[in-house]
Amino acid sequence: MYNRAWQRPVELQTYIGDYRIIGSTDEAVIFLLKHWPIDADGAPASGRQGFLDALEGAESVDDARAAFIEACIQLEMHVVEKWGGKSRTGNY
């Protein structure tokens with residue numbers, strides 16, 4: 001399942017002015033491991049481990065994409081599901 005492109009990329013705003021477009025499961029894993037926000041105690045913010053756990057149990061690329069979106073929304077990032085016309089907004 002790794003390195004498989006998603007049919008619809010996910011655009012997210014990590015903080016004001018920083019937008020990212022994630023287009024595959026591989027890109028999502030890299031984003032979570034290298035760019036996921038850090039809590040005040042220096043640990044990765046919530047949602048990251050949940051996505052990695054969901055990825056292990058994901059049966060399809062669509063399942064992995066949905067788990068990534070949910071992890072971002074839990075952190076209140078602004079998420080736009082590209083080419084699907086959907087937008088979910090958080091306060092991150």
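The exercises below, each with a worked solution, concern a predicted model of one protein chain.

**Exercise 1. Overall layout**

Task: State how many helices and strands the chain has, and in what pattern they follow along the sequence.

Solution: The secondary structure consists of three helices and four strands. Reading along the sequence gives the pattern β-β-α-α-α-β-β. For the chain as a whole, 40% of the 92 residues are buried. Among contacts with a separation of 6 or more, 44% join residues 24 or more positions apart. The accessible surface is about 5,500 Å², and carbon and sulfur atoms hold 47% of that surface.

**Exercise 2. Helix H3**

Task: Check whether the end-to-end distance of helix H3 agrees or disagrees with its number of residues, then describe its ends and its buried residues.

Solution: Start with the length. H3 covers residues 61-74, which is 14 residues. The expected span is 1.5 Å times one less than the number of residues, and for H3 this comes to 20 Å. The end C-alpha atoms are 20 Å apart, so the two values agree.

Next, take the ends. At the N-terminal end, Ser60 acts as the cap, with a side-chain oxygen 3.4 Å from the backbone nitrogen of Asp62. After the helix comes Glu76, which has a positive phi near 65°.

Last, take burial. The buried residues of H3 are Val61, Ala64, Arg65, Ala67, Phe68, Ile69, Ala71 and Cys72.

**Exercise 3. The largest nonpolar core**

Task: Find which residues of the largest nonpolar core touch the most other members, and which element gives the largest share.

Solution: This core has 23 residues, and those touching the most other members are Leu12, Phe31, Trp36, Phe51, Phe68 and Met77. Two or more residues come from each of strand S1 (5-15), helix H1 (25-34), helix H2 (48-57) and H3. H3 gives the largest share, seven residues.

Now follow one of these members, Trp36. Trp36 sits in the loop between H1 and H2. Its relative accessibility is 5%, so Trp36 counts as buried, the cut-off being under 20%. The C-alpha atom of Trp36 is 9.9 Å from that of Leu75, a residue 39 positions away along the chain.

**Exercise 4. The salt bridge**

Task: Say how many salt bridges a search of the whole structure finds, and classify both partners as buried, partly exposed or exposed.

Solution: The search finds one salt bridge. It joins the side chains of Arg20 and Asp18, at 3.8 Å from N to O. To classify the partners, use the limits: buried is under 20%, exposed is over 50%, and partly exposed lies in between. Arg20 has 27% relative accessibility and therefore counts as partly exposed. Asp18 has 15% and therefore counts as buried.

**Exercise 5. Ser24 and Thr25**

Task: Place Ser24 and Thr25 in their elements, and determine which residues Ser24 touches and which side chain Thr25 contacts.

Solution: Ser24 belongs to strand S2 (residues 18-24), while Thr25 belongs to helix H1. Ser24, at 7% relative accessibility, counts as buried. Thr25 is also buried, with a relative accessible area of 0%.

For the partners, leave out residues up to four places away in sequence; Ser24 then touches Arg4, Ala5 and Trp6. The side chain of Thr25 makes a polar contact of 3.0 Å with the side chain of Trp6. The C-alpha atoms of Thr25 and Ala5 are separated by 6.8 Å, although the two residues are 20 apart along the chain.

Definitions and conventions:
Residues are numbered from 1 along each chain as its sequence is written. This is a predicted model: local features need pLDDT of at least 70, side-chain atom pairs count only at pLDDT 80 or more; totals for chains, interfaces and linings use all residues. Side-chain values use heavy atoms; hydrogens and water are left out. Buried means under 20% relative accessible area, exposed over 50%, partly exposed in between (1.4 Å probe, protein chains only). A polar contact is a pair of N or O atoms within 3.5 Å; within protein, one must be able to donate a hydrogen and the other to accept it, and residues adjacent in sequence count only if both atoms are side-chain atoms. Contact means heavy atoms within 4.5 Å. Accessible areas come from the Shrake-Rupley method with a 1.4 Å probe; for residues, only the protein chains shown count as cover. A nonpolar core is a set of buried Ala, Val, Leu, Ile, Met, Phe, Trp, Tyr and Cys residues joined through side-chain atoms within 4.5 Å. A salt bridge is a side-chain nitrogen of Lys or Arg within 4 Å of a carboxyl oxygen of Asp or Glu.
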